[in-house]
Amino acid sequence: MPVLRDPGAIVRDAVFCESSHNDGFNYMVRSGSFKWFVEGEKEYLYDLNSDPYEQKNLVESEKHRAAAQGLRERPRRFLITEQLDYSKGYRPLADRVKRE
């Protein structure tokens, strides 16, 4: 509702995604201009303002170390504070996949 009333309103400062691929789970966080994700054993960080086509992985960049570390922590915090509310009917991806 806040965004419908005011398109400039900020509801959350990040977007989270989880997906299943080849019997593994991948996680993504997008916050500000940065997109961080892990795919299998590989980790990625992109600055979408300067690299909208995700050509240069910044995860090993010393200059972007703080951004990468901050985004690495976000999925855990999100799951603990928001998604583990089973009373709302949420089931983690791992549980959903097991039952299919």
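A residue is taken as buried when its relative accessible area is under 20%, as exposed when that area is over 50%, and as partly exposed in between. In this predicted model, S33 has a relative accessibility of 16% and therefore counts as buried. S33 is placed in the loop between β2 (24-31) and β3 (34-39). Its side chain makes a polar contact with the side chain of D47, at 3.1 Å. When neighbours within four places in sequence are left aside, the contacts of S33 are Y46, D47, L48 and N49.

The protein chain as a whole contains three helices and four strands. Along the sequence these elements follow the pattern α-β-β-β-β-α-α. The chain has 100 residues, of which 29% count as buried. About 7,600 Å² of the protein chain is exposed, and carbon and sulfur atoms supply 51% of that area. Among contacts with a separation of 6 or more, 27% are accounted for by residues 24 or more positions apart.

In soluble globular proteins, nonpolar side chains tend to be buried together. In the present model the largest nonpolar core has 10 residues: A14, V29, F34, W36, V38, L45, L58, V59, A68 and L71. Both β3 and α2 (65-83) supply at least two residues of this core. Strand β3 gives the largest share, three residues. For A68, a member of this core, the contacts beyond four places in sequence are W36, L45 and V59. A second core, separate from the one above, consists of five residues, including M28, Y44, Y46 and L48. Two of the residues named in this second core, Y46 and L48, are also among the contacts of S33.

Side chains of opposite charge can pair when their charged atoms come close. A search of the whole structure gives four salt bridges. One of them joins the side chains of D13 and R74, with an N to O distance of 2.9 Å. D13 lies in the loop between α1 (2-5) and β1 (15-21) whereas R74 belongs to helix α2, so this pair ties together parts that are 61 residues apart in sequence. The two partners fall into separate accessibility classes: D13 is partly exposed, with a relative accessible area of 49%, and R74 is buried, at 13% relative accessibility.

Another salt bridge is formed by E43 and R72, whose closest N and O atoms are 2.5 Å apart. Here E43 comes from strand β4 (residues 42-47) and R72 from helix α2, so the pair ties together parts that are 29 residues apart in sequence. E43 counts as partly exposed because its relative accessibility is 22%, and R72 is partly exposed as well, with a relative accessible area of 32%. Helix α2 thus takes part in the pair with D13 through R74 and in the pair with E43 through R72, besides supplying at least two residues of the largest nonpolar core.

A further salt bridge brings together the side chains of R65 and E62, at 3.0 Å from N to O. E62 is exposed, since its relative accessible area is 58%.

Technical notes: Residues numbered from 1 in each chain as written. Predicted model: local features only at pLDDT ≥ 70, side-chain atom pairs only at ≥ 80, totals over all residues. Heavy atoms only, no water. Buried < 20%, exposed > 50% of the residue type's maximum accessible area, 1.4 Å probe, protein only. Contact = heavy atoms within 4.5 Å. Areas by Shrake-Rupley, 256 points an atom, 1.4 Å probe, with all protein chains shown as cover. Polar contact = N/O pair within 3.5 Å; in protein donor to acceptor, adjacent residues only side chain to side chain. Core = buried A, V, L, I, M, F, W, Y, C linked by side-chain atoms within 4.5 Å.
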